[in-house]
Each structure stands twice: as C-alpha cells, then as structure tokens.
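I opened this notebook to keep track of what I looked up. The entries are short and follow the order in which I worked.

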Amino acid sequence: MIDFVPLWTLILGLGVFFYVLLDGFDLGCGILYGFAPDTASRNLIMNSIAPIWDGNETWLVLGGVGLMAAFPLAFAIIMPAVYFPILVMLLALVFRGVAFEFRFRDAERRTFWDHGFHYGSLVATFAQGIVLGAFIQGFTVEGRHFAGSSFDCFTPFSLLTGLALVCGYALLGAGWLIVKTEGALQAMARRYGRWFFLGTLVSVGIVSIWTPLMDVDIAHRWFLTPNIYFLSPVPVITAVLAVVEWRALNGRSEILPFAAAMGLFAMSYLGIAISLWPMIVPHHFTLWQAASSPDTQAFLLVGTLFLLPVILMYTAWSYWVFRGKVRSDIGYH
Amino acid sequence: MTLDPLLLSRLQFFWVIAFHIILPAFTVGIASYIALLEGIYFASGREIYLRISAFWTRIFAIAFGMGVVSGVVMPFQFGTNWSRFSDATANIISPLLGYEGLTAFFLEAAFLGVLLFGRKLVPRWAHFFAAVMVAGGTLFSSFWILATNSWMQTPAGYTIKDGRFFPADWFAIIFNPSFPYRLAHTVTGFYITTGFVVLAAAAWFLRKQRCVEEARIMLSTTAWLLTMLVPLQIALGDLHGLNTLKYQPAKLAAIEAHWNREAHAPLTLFAIPDMTNETNRYAIEVPELGSLILTHSAGGVVPGLKDYPRDQRAPAIVPFFAFRIMVGLGLVMLGVALLGLWLRIRKRLYDSDWFLRLCTFTGPIGFLAVIAGWTTTEVGRQPWTVYGLMRTADSVTPSLTGLDVAISLAGYMIVYLVMFPSGFILIRSVMRKGMPAEAEKAPVEGGRPSAPVVAPPEAAP
C-alpha cells in the first residue's frame with residue numbers, strides 16, 4: 001500500500017495555510033473596520049471583501065473536515081481540548097458573517113451590525129490564535145482521548161498567540177485594503193498597517209523566543225548542529241521580509257505590503273511546522289499514528305486531486321471578476 | 001440537579017441543527033428557482049424574469065449567509081462534543097463530509113459572489129452559469145450530507161476493528177439502504193418548502209395589488225409545481241416508510257407507538273405512549289389500517305417496541321407526535337395544492353381572496369414539516385448514533401463536564417436567538433419592498449461594464 005500520509009500532510013497544510021491567508025485578510029479587514037472614520041469608508045471596506053468572504057471561510061470547513069478525514073485521532077483529541085476557543089470563534093463568525101447582509105438591509109440597526117462585524121472579526125481571530133497557542137503547547141491525553149479540562153487551553157502563552165494573530169490578520173487586512181482602495185482610506189490602511197506590523201513583530205518575536213524555552217524538543221530541533229545551519233534561512237528570510245514590509249508600508253507600492261505580509265505568514269507557518277514535525281498531537285501522536293486508514297485517504301484523495309485544482313481555478317476567476325479598486329457601485333450601496 | 005454533558009450535548013446538537021436545517025430547506029429550493037428564472041431570462045430576454053430573479057436573489061443572499069455561518073458550526077460539533085463518535089466513524093464519514101466541502105461549498109461560495117454582485121461585470125451567460133453552479137452546489141451538498149446521515153441510520157459497507165469502523169465498500173457506504181429514499185424525500189421536501197414561501201409572497205403581492213404581473217407568474221408556476229410535487233412527496237414518504245420498516249423496525253415501532261408485534265395491526269391516530277408501563281394511554285385507533293398503510297397488506301406484520309430490550313427503544317412520544325405533525329401538515333399542503341388546481345380550472349386562481357389569504361397563511365408550513373420530519377427520523381433512531389452499532393451515550397466527548405456544555409449551549413441559544421429572528425424580520429422587510437420596476441440592467445455584450453472603470457486593470461491583485 002502506498003503511504004498517503006506525506007501527501008495528505010501537504011494538502012491539509014496548504015489548505016490551512018490558504019485559510020489563514022484568505023480569511024486572514026478578510027478578518028483583518030473586519031478588525032480595521034472598527035477604526036474606519038465614516039460610513040462611506042466602512043462601506044468600501046465591506047464591499048472589498050463582500051463577494052469573496054464566503055469562499056474564504058469555506059477553507060475553514062475544509063480544514064476542519066480535512067483534519068477529521070486525514071488525521072481523525074488528532075481531530076478527536078484537539079477539538080475537545082480547544083472546546084471554548086472553537087465555540088467563541090464560531091459564535092463570533094456567526095455575527096460577522098450575517099453582518100454583511102444585515103447591516104446593509106437593516107439601516108435602523110446598522111450601528112449594532114457594524115459592531116457585530118468589527119468585534120466578531122476581532123474575537124474570532126483572537127480565538128483562532130488561542131487555538132494555535134494551545135496546539136503548540138500540547139494537550140493532556142489518555143489513550144485516544146483528551147483528558148484535561150476544557151479551560152486548560154487558556155494560558156499566558158495562548159493569549160499571546162491570540163494577540164499575535166490579531167496583529168497579523170490586521171496587517172494582512174491592511175495589505176488587502178492598500179491594494180483595493182485609494183486616497184484617504186488607503187492612507188489609513190498604511191497607517192494602521194504600520195502599527196499592526198510592529199505589534200506582529202513584537203508578539204511573534206516573543207512567541208519565537210518563548211516556544212523553544214518552553215519545549216526542549218523544539219529548542220533541539222532549531223539549535224543543535226547541523227539543524228541550525230539548515231534552518232537558519234527561516235529567521236533570516238523572515239527578517240528580510242520584515243524590512244521589506246516596513247519599507248513598503250512607508251513607501252508607495254500598492255502590492256508589496258500585501259505580498260510581504262503573506263510572505264511573513266508563510267515563514268511563521270513554516271516555522272511552526274518545523275518545530276512540531278512530525279507530530280500532529282504534540283508530544284503524543286505523529287502524523288502516521290493519527291492517520292485514517294489508507295482506504296479512507298485514498299478514496300478522498302482521488303477526488304481531491306481532481307477537485308482542488310478546479311476549485312483554485314474558479315476561485316481565481318471569481319477574484320478576477322472583482323479585480324481592481326473597489327467600486328462604490330458594485331456590492332452593497 | 002446535576003448537569004449531564006450527554007443530555008446537554010444532545011440538546012445543543014438539536015438546537016444548532018434545527019436552526020440550520022430551515023436554511024437549506026429554503027436555499028436549496030430557491031437556488032434552483034433562481035437558476036430556472038435566470039435560464040428563462042437568458043433564453044427569452046424578458047425583463048420580468050430578471051426582476052423576479054433579482055427579488056429572490058436578494059432574499060437568497062440573506063438566507064444563504066445565515067446558512068453558511070450556522071453550517072460552519074456543524075462539522076466542529078462532531079469534534080467538540082462527539083469526539084468518540086468522530087474517532088470511531090471518521091474513517092467512513094469524513095470523506096463524505098470532505099466531498100461535500102470540495103464539490104458543494106466551494107462551488108456555492110465562488111459563484112455566489114458573481115451571482116450577487118457580478119451582474120454588471122460578467123456576460124449574461126456567465127451570470128446564468130453562476131446561478132446554475134450555485135443551485136448545483138446546494139444539491140451536491142444535500143447529496144453528501146444525506147449520504148452521511150443515511151449511513152448512520154442504515155450502516156453498510158463497513159468492517160469493525162478495535163471498536164472503530166473501517167471502509168470495506170465505498171459504493172455500499174454511500175448508496176446505503178436508506179439513502180435513495182432519504183435523499184428523494186428530503187430534497188422534494190425542500191422544494192415544496194420553497195414553493196410554499198414563493199406562493200405566500202405571490203399571494204401577498206396579489207392581495208396588495210402590487211407587482212401584479214410578477215406575482216401572477218410566481219403564483220402560477222409554483223402552484224403547478226406544488227400540484228405535482230406534493231402528491232409525489234406523499235408517495236416518496238410512503239416508500240421511505242417501507243424502507244424504515246425493513247431496516248429500522250424499532251424506529252418504526254416508536255413512530256407508531258406500537259408495542260406488540262402483530263398482523264392486522266391498528267393505526268393509532270392519537271395516544272400518549274407510556275414507556276414505563278409499555279402501553280398507550282388515551283389511544284384512538286383505527287383497526288387494520290396500521291398494517292395496511294405500513295406494509296401495504298392487511299395481514300402484514302408490524303413490529304412492536306416490546307421486540308426490543310428497554311434500553312434499545314426510542315422515547316416513542318417524540319417521534320410519534322413529530323410524525324403525526326408532519327403527516328398532518330402534508331395533508332394540509334395537499335389540500336392547498338388541490339384547491340389551487342380546482343381554482344385554476346375554474347379560472348379563479350388569481351382573484352379568489354380567500355385562497356390568496358390561505359396561501360399567505362401557509363407560507364411557513366414547509367419549514368414546520370421539515371423540522372417535524374427531521375425530529376421523527378433523528379429521535380426515532382435513538383439510542384444509536386450508528387444504528388444498532390454505536391450508542392449515543394458512547395459517542396459523547398469524555399472530557400466534557402456538564403458546566404462546559406451548559407455554557408456552550410447558552411452561547412448558541414443567545415446568538416441564534418439574536419441572529420435568526422433578525423434574519424427573519426429582515427427577509428420579511430425585503431419581501432415587502434417588492435420588485436422595483438427598473439431592475440439592474442445586464443451589461444452590454446463582452447462582459448465589461450459600459451460605465452467607466454474607476455481603476456486601471458493593472459492595479460488588480
């Protein structure tokens with residue numbers, strides 16, 4: 001039997017990464033939305049993501065279901081362990097998701113749904129950051145079950161990763177708005193982009209120092225020879241991207257702030273993957289131990305290899321249809 | 001009183017799915033209706049179909065948004081509250097859920113943007129194509145999620161190792177015994193639900209003498225559709241019942257509150273099933289009719305709850321009444337459809353005030369029937385999550401405390417009680433605004449708008 005685990009790891013890894021980038025920038029737009037000065041700019045921010053947010057969020061479903069399909073044991077242990085952050089994230093996503101239509105159709109309660117959109121985006125992002133932090137720290141496991149308390153996931157470390165993700169998503173959102181808007185709104189995106197970039201830099205920096213101090217295996221992974229030589233490009237490229245991002249936010253390029261922010265996310269993501277490999281439930285189960293049966297993986301793989309490129313194609317087409325600066329006559333107005 | 005995480009998790013699942021299911025019950029049907037209208041408009045170029053389509057698309061957008069956010073909640077429930085079920089069944093059900101995401105959700109999401117906002121940006125055929133893709137997505141979604149549900153009801157094509165299910169035959173897993181019947185019965189139910197909503201809106205406009213031309217088209221086509229679909233649905237329901245008798249006899253016994261296995265069984269019209277004393281109180285029965293309806297022969301043997309150990313019986317009172325509510329509502333729907341046909345023959349369909357009033361009144365009837373039917377099938381299969389093989393009590397997440405689930409259930413209740421009524425009020429107000437005479441014009445051929453584009457294309461991401 002062929003070993004499908006590496007391929008599924010790659011597919012799921014890319015799926016989650018797409019989610020982080022795509023819903024990342026539209027949740028980030030939601031975070032920046034709260035700082036927008038007037039209704040016109042709020043309309044523009046919302047319209048810049050209105051045609052695509054739903055597709056972006058679909059990657060979250062694919063991430064959850066993909067984890068269940070490829071690594072069901074991990075799904076069955078991780079989900080109960082992050083019971084409350086997942087709950088809060090889902091409820092926050094409900095609020096922000098319906099806000100698109102409700103805010104536009106229900107003028108009397110527009111302010112309420114404005115807050116729903118902003119705080120929904122903010123809280124959902126923070127909750128995702130807590131999930132990430134709890135995942136890196138690992139869980140109490142007995143046999144095939146999570147054996148800790150539903151409140152274990154709230155730690156100083158996970159709160160910090162929550163904060164880091166809020167800053168990171170807001171940075172992505174700023175990058176998107178710089179691409180999609182002009183004039184005062186674009187200037188605002190640059191201004192807040194700089195602040196959230198600094199926030200990202202500091203919080204991710206602390207996380208990067210804290211993680212190897214917390215976990216000796218991760219420290220060994222990065223700092224023992226010869227690993228340190230192979231892995232040193234990761235922090236180096238990250239540092240270069242950070243400089244590029246800062247200069248781009250202060251400069252005139254409309255594409256570079258978004259591109260460099262995506263690059264920073266890619267490097268952080270890669271860093272986490274390097275730290276945890278080959279575990280999917282840190283300290284307990286490897287990808288292979290948590291994998292579903294080869295029959296299951298093969299059955300879903302056949303369709304995925306055909307459908308995923310098709311999905312990427314028509315998703316790209318829907319982005320292409322709405323290319324260019326946001327127009328005030330397309331979308332909600 | 002101690003908080004039981006199992007009971008609370010079941011309540012939570014009921015709460016989130018009961019609210020969620022009313023949205024697909026409408027969006028599956030209305031997406032197909034929009035695709036049909038867009039198709040007619042594309043073929044005939046008649047503006048009136050564009051106006052009707054634009055009207056329903058506005059309503060669809062609100063319902064779909066609510067459907068998406070309440071749907072994202074669902075797969076996570078398997079992990080957070082039913083982790084042992086996930087661990088045991090993931091090898092079988094997760095690819096089905098995965099295919100739902102891959103074939104349905106992405107299709108819907110990507111083309112929805114174009115359907116809602118792209119009329120000025122893409123050529124007419126592409127807009128029609130987007131409508132078809134969205135409708136197709138909703139149907140693919142129904143296919144996979146009902147395959148999953150049906151496998152849990154009538155499991156097939158599996159082997160069991162170490163208390164976990166492994167796939168043996170994917171065709172048997174997907175096309176398990178109850179799936180074709182459940183799929184046909186559910187999707188038809190969704191179409192009928194939508195039909196009654198459209199009928200109610202059309203009748204309301206006609207009574208107010210607004211958008212009369214559009215309302216007549218809506219009323220006429222939908223009344224035809226319901227005249228065909230409601231009798232079909234009753235026949236499908238009957239077939240689904242025969243299937244349940246064959247594969248889930250204990251569920252059937254609970255639905256009928258039938259205690260003893262017997263031929264020439266009566267049909268119980270009303271009763272209060274008493275699970276402790278194994279009997280029905282205040283029963284009103286019609287002799288012989290039970291066997292006749294359930295087995296299609298007077299001498300047919302109907303299973304009884306006493307055939308099964310006490311701990312393998314569903315709480316009969318819930319499926320018994322839920323089923324009777326569903327059937328009762330079905331008969332009302334049949335009445336409305338037949339009245340419509342009779343009035344049409346007498347050429348009074350559009351100007352009979354009492355019929356229009358009746359149609360307005362029966363607008364939500366399909367939703368009630370869907371929830372009643374869903375309750376029948378889901379409570380009726382208790383105490384199992386995988387029928388006859390895995391108990392609900394063994395499916396729940398072991399780490400959860402009663403307090404954990406009480407908090408999460410409260411969260412879902414509060415948020416849904418804000419969101420769903422808001423959405424309902426919003427849909428009603430959008431409906432009342434009606435159809436503006438001047439709908440959004442389709443673009444000139446070539447697909448780019450005639451108005452000047454604000455930004456140069458090279459600024460695109």
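The entries below go from the contact between the chains to single residues.

**Entry 1: the model**

I noted before anything else that this is a predicted model.

**Entry 2: the interface**

How many residues of chain A are in contact with chain B? I found 75 residues of chain A in contact with 78 residues of chain B. I then looked up the area of this interface. Chain A and chain B bury about 6900 Å² between them, and 76% of that area is on carbon and sulfur atoms. I also looked up which residues of chain A give the most. A:Y83, A:R105 and A:F299 supply 10% of the area that chain A buries against chain B, more than any other three residues.

Next I turned to the polar side of the interface. The rule finds nine residue pairs in polar contact across the interface of chain A and chain B. I listed the elements that give two or more residues to the side of chain A that touches chain B. They are helix 3 (53–70), helix 4 (72–81), helix 5 (83–105), helix 6 (110–137), strand 2 (145–146) and helix 14 (294–321) of chain A.

**Entry 3: salt bridges**

I searched the whole structure and got 16 salt bridges over all chains. Across the interface of chain A and chain B, the rule finds one.

Which residues form a salt bridge at 2.8 Å, N to O? I found the side chains of A:R144 and B:D87. A:R144 lies in the loop between strand 1 (141–142) and strand 2 of chain A, and B:D87 in helix 3 (residues 83–117) of chain B, so the pair joins two chains. I checked how open each partner is. A:R144 has a relative accessible area of 27%, so I wrote it down as partly exposed. B:D87 has 8% relative accessibility and therefore counts as buried, as the cut-off for buried is under 20%.

I took a second pair from chain B. B:R207 forms a salt bridge with B:D353, with the closest N and O atoms 3.0 Å apart. This pair links distant parts of the chain, since B:R207 is in helix 6 of chain B and B:D353 is in helix 11 (residues 353–361), 146 residues apart. Both partners came out as partly exposed: B:R207 has a relative accessible area of 36%, and B:D353 has 40%.

A third pair is B:R281 with B:D274, where the closest N and O atoms are 3.8 Å apart. Here B:R281 is partly exposed at 41%, whereas B:D274 is buried at 10%. I also noted that salt bridges sharing partners join A:D26, A:E57 and A:R96 into one network.

**Entry 4: a nonpolar patch on chain A**

I looked for nonpolar residues on the surface. A:W195, A:L198, A:L201, A:V202, A:I206, A:W210, A:M214 and A:W246 form a patch there, with about 760 Å² of accessible area together. Which helix gives the most to the patch? Helix 8 (residues 183–214) of chain A does, with seven residues. I checked one member, A:I206, which is in helix 8. A:I206 is partly exposed, with a relative accessible area of 39%.

**Entry 5: two threonines in chain B**

Is B:T27 buried or exposed? I found B:T27 buried, with a relative accessible area of 7%. B:T27 lies in helix 1 (residues 5–44) of chain B. Leaving out residues up to four places away in sequence, B:T27 touches B:F60, B:A63, B:F64 and B:T138.

I followed the last of these. B:T138 is in helix 4 (residues 124–153) of chain B and counts as buried at 2% relative accessibility. With the same residues left out, B:T138 touches B:T27, B:V28, B:A31 and B:E108.

**Entry 6: backbone details**

I looked up two cis peptide bonds. One joins A:T225 and A:P226, with omega about 0°, and A:P226 lies in the loop between helix 9 (216–223) and helix 10 (227–231) of chain A. The other runs from B:Q382 to B:P383, with omega near 5°. B:P383 lies in the loop between helix 12 (365–380) and strand 5 (384–386) of chain B.

I ended with phi. B:Q209 has a positive phi of about 55° although it is not a glycine. I found B:Q209 in the loop between helix 6 (179–208) and helix 7 (212–247) of chain B, and at 59% relative accessibility B:Q209 counts as exposed.

Note on methods. Residues are numbered from 1 along each chain as its sequence is written. Chains are lettered from A and ligands numbered from 1 in the order in which they are written. This is a predicted model: local features need pLDDT of at least 70, side-chain atom pairs count only at pLDDT 80 or more; totals for chains, interfaces and linings use all residues. Side-chain values use heavy atoms; hydrogens and water are left out. Patches are made of residues with over 30% relative accessible area and no salt bridge: like charges are joined within 9 Å, nonpolar side chains (Val, Leu, Ile, Met, Phe, Trp, Tyr) within 5 Å. Accessible areas come from the Shrake-Rupley method with a 1.4 Å probe; for residues, only the protein chains shown count as cover. A salt bridge is a side-chain nitrogen of Lys or Arg within 4 Å of a carboxyl oxygen of Asp or Glu. Helices (H or I, at least four residues) and strands (E, at least two) are DSSP runs, numbered from the N terminus. Buried means under 20% relative accessible area, exposed over 50%, partly exposed in between (1.4 Å probe, protein chains only). Contact means heavy atoms within 4.5 Å. Buried area is the accessible area (1.4 Å probe) that two parts lose on being put together, summed over both. A polar contact is a pair of N or O atoms within 3.5 Å; within protein, one must be able to donate a hydrogen and the other to accept it, and residues adjacent in sequence count only if both atoms are side-chain atoms.
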